[in-house]
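Here's a quick briefing to read alongside the model on your screen. It goes topic by topic, so feel free to jump around.

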Amino acid sequence: TALMPVVDGVVCGQTTTNQPTLWFYSPMALTPDQPISLVVQDKADRYVYQTTLHVDMAPGLISIQLPDENLPEEKLLDEKSGAVREGDVPVILPVAQPYHWTFFIECDRHRLASSISVSGTLQKTEVAGLAPLSGDLDWNDVEGAIALAQSYASAGIRHDALTILGELNRHHPSNPQVRATLDALLNQAGLEDITAIPTAIQIAG
């Protein structure tokens, strides 16, 4: 399950950062024999990022952050030409351009039909009076981080609000204020069934 709201049947979100973190929920435990994959395409269906990861985790949240630097070991596929090109540029989302992503879990590598996936769109935006989300937040300042998350949520940027609250929950899994604020955000996105999820978060990429 993608932790984003559904609008007109489409999972969609907005972010203020060039390298957003995408959040998912796995209701089942995963082993390294069940790889997870994320593919991101631009509006011309060109692959701008793809990765396959092997994790060992209990049911819970998975977060994957798009890279902010060159990853020479990654190869990006150009769907139009069929060519494989090296990942020689960082993933930077231009403002107001939608990107399409797909997240896969390969449940049984011997049965392709057993794989499950979810897809949606993500678009970078700018909000007057609200700075782009930075990775330099002080996670010990719980009240300040919660206030910032609520500011993003009030502006409709629930994606960045979720990133802040997800990270806070990872750093402070026993803090009831953090958990209550995260649950409230999930409820607003129509994800009430996930408010009982375990606190464990796998930072996959």
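How many aromatic pairs turn up when the whole structure is searched? The search finds 2 of them, and keep in mind that this is a predicted model. Phe 24, Trp 101 and Phe 103 make up one aromatic cluster, so let's begin there and then work outwards to the strands, a lysine and the salt bridges.

**The aromatic cluster**

- Phe 24 and Trp 101 pair edge-to-face, with 5.4 Å from centre to centre and 75° between the planes.
- Phe 24 sits in strand 3 (residues 21-26) and Trp 101 in strand 9, so this pair ties together parts that are 77 residues apart in sequence.
- Phe 24 also pairs with Phe 103, and this one is stacked: the centres are 4.0 Å apart and the planes are 10° apart.
- That second pair links distant parts of the chain too, with Phe 24 in strand 3 and Phe 103 in strand 9, 79 residues apart.
- Are these rings buried or exposed? Phe 24 is buried at 1% relative accessibility, Trp 101 is buried with a relative accessible area of 1%, and Phe 103 is buried at 4%.
- The reason for quoting two values per pair is simple: a pair of aromatic rings is described by the distance of the centres and the angle of the planes.

**Strand 3, home of Phe 24**

- Why can strand 3 be called largely enclosed by the rest of the structure? Because 6 of its 6 residues are buried.
- In a regular strand the side chains alternate between the two faces of the sheet.
- Here, Thr 21, Trp 23 and Tyr 25 point one way from strand 3, while Leu 22, Phe 24 and Ser 26 point the other way. All of these residues are buried.
- Strand 3 runs antiparallel to strand 6 (residues 60-65), and 6 bridges join them.
- If you want a spot to find that pairing on screen, look at Ser 26, which stands opposite Gly 60 in strand 6.

**Strand 9 and its partners**

- Strand 9 (residues 98-105) is joined to strand 4 (residues 36-41) by 6 bridges, and the two run antiparallel.
- Within that pairing, Gln 41 stands opposite His 100 of strand 9.
- Strand 9 also pairs with strand 10 (residues 116-124), again in the antiparallel sense, over 8 bridges.
- Which residue in strand 10 is the bridge partner of Thr 102? That's Ser 119.

**A buried lysine without a salt bridge**

- Lys 124 lies in strand 10.
- Lys 124 is buried but has no salt bridge. The nearest side chain of opposite charge belongs to Glu 126, and it is 5.7 Å away, whereas a salt bridge needs the atoms within 4 Å.
- What does the side chain of Lys 124 touch instead? Its partner is the side chain of Asn 18, through a polar contact of 2.5 Å.

**The salt bridges**

- The count for the model comes to 3 salt bridges.
- Arg 46 and Asp 42 meet through their side chains, 3.1 Å from N to O. Arg 46 counts as partly exposed at 36% relative accessibility, whereas Asp 42 is buried with a relative accessible area of 11%.
- Arg 170 bridges to Glu 167, with the closest N and O atoms 3.0 Å apart. Both are in helix 2 (residues 158-171), and being 3 residues apart, they are separated by about one helical turn.
- Arg 170 is partly exposed at 39% relative accessibility, while Glu 167 counts as buried at 14%.
- Asp 183 and Arg 179 form a salt bridge with an N to O distance of 3.3 Å. They both lie in helix 3 (residues 176-188), 4 residues apart, about one turn of the helix.
- Which class do these two fall into, buried or exposed? Asp 183 is buried with a relative accessible area of 17%, and Arg 179 is buried at 14% relative accessibility.

Terms used:
Residues are numbered from 1 along each chain as its sequence is written. This is a predicted model: local features need pLDDT of at least 70, side-chain atom pairs count only at pLDDT 80 or more; totals for chains, interfaces and linings use all residues. Side-chain values use heavy atoms; hydrogens and water are left out. Buried means under 20% relative accessible area, exposed over 50%, partly exposed in between (1.4 Å probe, protein chains only). Two strands pair if DSSP finds at least two bridges between them. Lys and Arg count as positive and Asp and Glu as negative; His and the chain ends are not counted. A polar contact is a pair of N or O atoms within 3.5 Å; within protein, one must be able to donate a hydrogen and the other to accept it, and residues adjacent in sequence count only if both atoms are side-chain atoms. Rings of Phe, Tyr and Trp (its six-membered ring) pair if their centres lie within 6.5 Å; planes under 30 degrees apart count as stacked, over 60 as edge-to-face and the rest as tilted.
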